[in-house]
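Got the viewer open? Let's take a walk through this one, selecting as we go.

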Amino acid sequence: MSLEPQNPEEAYYRKLEARVANFLWVGTIVSAVLIAGGLALSFFEGPHAKNLSPVSPHDIWFGLRAMHPVAYETLGIIVLLALPVVRVAIGSVGFFRRREVQLGAIALAVLGVMVVSFALGAAHHG
Amino acid sequence: MLTLLTFLAFILAGFVGSLLGLGGGIIVIPIVTLVLGVDIHMAIGASIVAVIATSSASASSYVREGVANLRLATYLELATTTGALVGALMASHIPSRGLAVLFALLLLYSAYNMFQRRNMELPEGVLPHPLATKLKLHNRYYDRLLSKAVDYNVTGMYAGFGIMELAGILSGLLGIGSGMLKVLGMDTAMRLPMKVSTATSNLMIGVTAAASAWYYLAHGMIDPRLTAPIALGIFIGAKIGSAVMGHIPSAWLRKAFVPVLLYVAVTMLWRGLHG
């Protein structure tokens, strides 16, 4: 149960929270359905397909069309990994729209650090 | 390979993680390495996905109910993400064994500190920090158990930011989920209600994990066959945990946190002393 907002500012903020919560909820369901679908399909697969591990969009697309379990599981995991990134982006947009420049900029900086972390990780080990 | 029992353990990891603001790695990694016999690197990849699964599944409830503080999380995420980046860059220059011992001592001290406050339901007499007032971080949530709105102030803004930076660095260096330190920082330095600390930590851990998770995925260190049942189990456990949270006293969470701190402290001491 959430509280009734006491002023327009709090009302806006509660709406932003609801948007973030809905996004995370839908994202989690989509990811869970894809993963559960993959697991269900794996009960019917033949032994020949066990080691196929798609990572490129092309492989995933063809895997999905071929009803390959790993493709569904991988897509479910990709959806899951995208959730925190998009959540921070939704927060940033929400803060900027309310002209809360400081928090909006902080959220944007967090996104930037996430991108740099990924790029540096790739550069270090790639 | 996967039995009903291990699947139940993943559900338990999600349940405990969602209640205590942890990623569940302390349960997932031992099961995956010891029970399923998986290589530690693949286990870490699976654990990172487990952290994001716990975070997303439980934070959706916590944000909707206003228990997780989205604004505070945004401020502190700047510290955890930069900390994790610094930690990852320092990883090859710092002896991780010595660091594990230091971390263990820090956790032992925190366990003692939390044990002393084990019966405290809500913090009292917290003076609002000017920066927290400027960023409008003070908030309120409805506590179902107490049947009332709990108004709370945020203090210790710089100390909290520093602890989050440290939490990020340690997670980058030691490869462990820093949820534990996030909760401790919010509970001890920022003096937030325990439920707000664990729920906000849940929201934040996904962000710290996501940056490295994409790297792990791109380099084939996340095995979908291994990770799929873990994520599904975690989803179920985290949803149950986030539904239960509103109905239990904060003091219970605190009491449950102490043995978890001790367990990780002993594990870290062992790792530091025996490699």
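Start in chain B and select B:R191, which sits in the loop between α8 (179–189) and α9. Keep in mind that this is a predicted model. Check the backbone here: B:R191 has a positive phi of about 55°, although it is not a glycine. Is B:R191 buried or exposed? Neither: its relative accessible area is 31%, so B:R191 counts as partly exposed.

Now jump to B:K136, in the loop between α6 (130–134) and β1 of chain B. The backbone is worth a look here too, since phi of B:K136 is near 55°, a positive value in a residue other than glycine. With a relative accessible area of 38%, B:K136 is partly exposed.

Next, select helix α3 of chain B, residues 40–64, and pick out B:I40. Its relative accessibility is 40%; because buried means under 20% and exposed over 50%, B:I40 falls into the partly exposed class. Which residues does B:I40 touch, not counting those up to four places away in sequence? Show B:I29 and B:T33 and you have them. If you'd like a distance label, draw one from B:I40 to B:P30: the C-alpha atoms are 9.3 Å apart, with the two positions 10 residues apart in sequence terms.

Time to go inside. Colour the largest nonpolar core, which has 117 residues. Which of them have the most contacts inside it? Select B:L72, B:V154, B:M190, B:I230 and B:F257. Then add helix α9 of chain B (residues 194–218), which gives the most to this core, with 14 residues.

Stay with B:V154 for a moment and show its surroundings. Leaving aside neighbours within four places in sequence, B:V154 is in contact with B:L72 and B:M190, two residues you have just selected for their many contacts in the core. The rest of the contact list for B:V154 is B:L127, B:P128, B:H129, B:A132, B:L137, B:H138 and B:L192.

Apart from that core lies another one, of six residues; among them are A:L34, A:L41, A:I60 and A:A71. That selection takes you over to chain A, so have a look around. Switch to a cartoon view and you'll find four helices and zero strands, running α-α-α-α from the N terminus on. Chain A has 126 residues, and 45% of them count as buried. If you plot a contact map, note that among chain A contacts with a separation of 6 or more, 59% are between residues 24 or more positions apart. Turn on the surface, too: the accessible area of chain A comes to about 6700 Å², of which 69% belongs to carbon and sulfur atoms.

Last stop: empty space. Rolling a probe the size of a water molecule over the atoms shows where such space is left. How many cavities of 30 Å³ or more does the structure hold? There are three, and the largest cavity contains about 70 Å³ of space. To find the largest cavity, select B:E65, B:V67, B:Y142, B:R144 and B:G246, which lie nearest its centre among the 10 lining residues. Strand β1 of chain B (residues 139–143) provides the largest share of that lining, three residues. Colour the lining by character to finish: five residues are nonpolar, one is polar and four are charged.

Notes: Residues numbered from 1 in each chain as written. Chains lettered and ligands numbered in written order. Predicted model: local features only at pLDDT ≥ 70, side-chain atom pairs only at ≥ 80, totals over all residues. Heavy atoms only, no water. 1 Å grid on protein atoms, 1.4 Å probe; cavity = no way out; pocket = protein on both sides within 12 Å on 5 of 7 lines; lining within 4 Å. Points joined across faces, edges and corners; volume = space filled by probe spheres on them. Helix = DSSP H or I, 4+ residues; strand = E, 2+ residues; numbered from the N terminus. Nonpolar A, V, L, I, M, F, W, Y, C, P; charged D, E, K, R; others polar. Core = buried A, V, L, I, M, F, W, Y, C linked by side-chain atoms within 4.5 Å. Buried < 20%, exposed > 50% of the residue type's maximum accessible area, 1.4 Å probe, protein only. Contact = heavy atoms within 4.5 Å. Areas by Shrake-Rupley, 256 points an atom, 1.4 Å probe, with all protein chains shown as cover.
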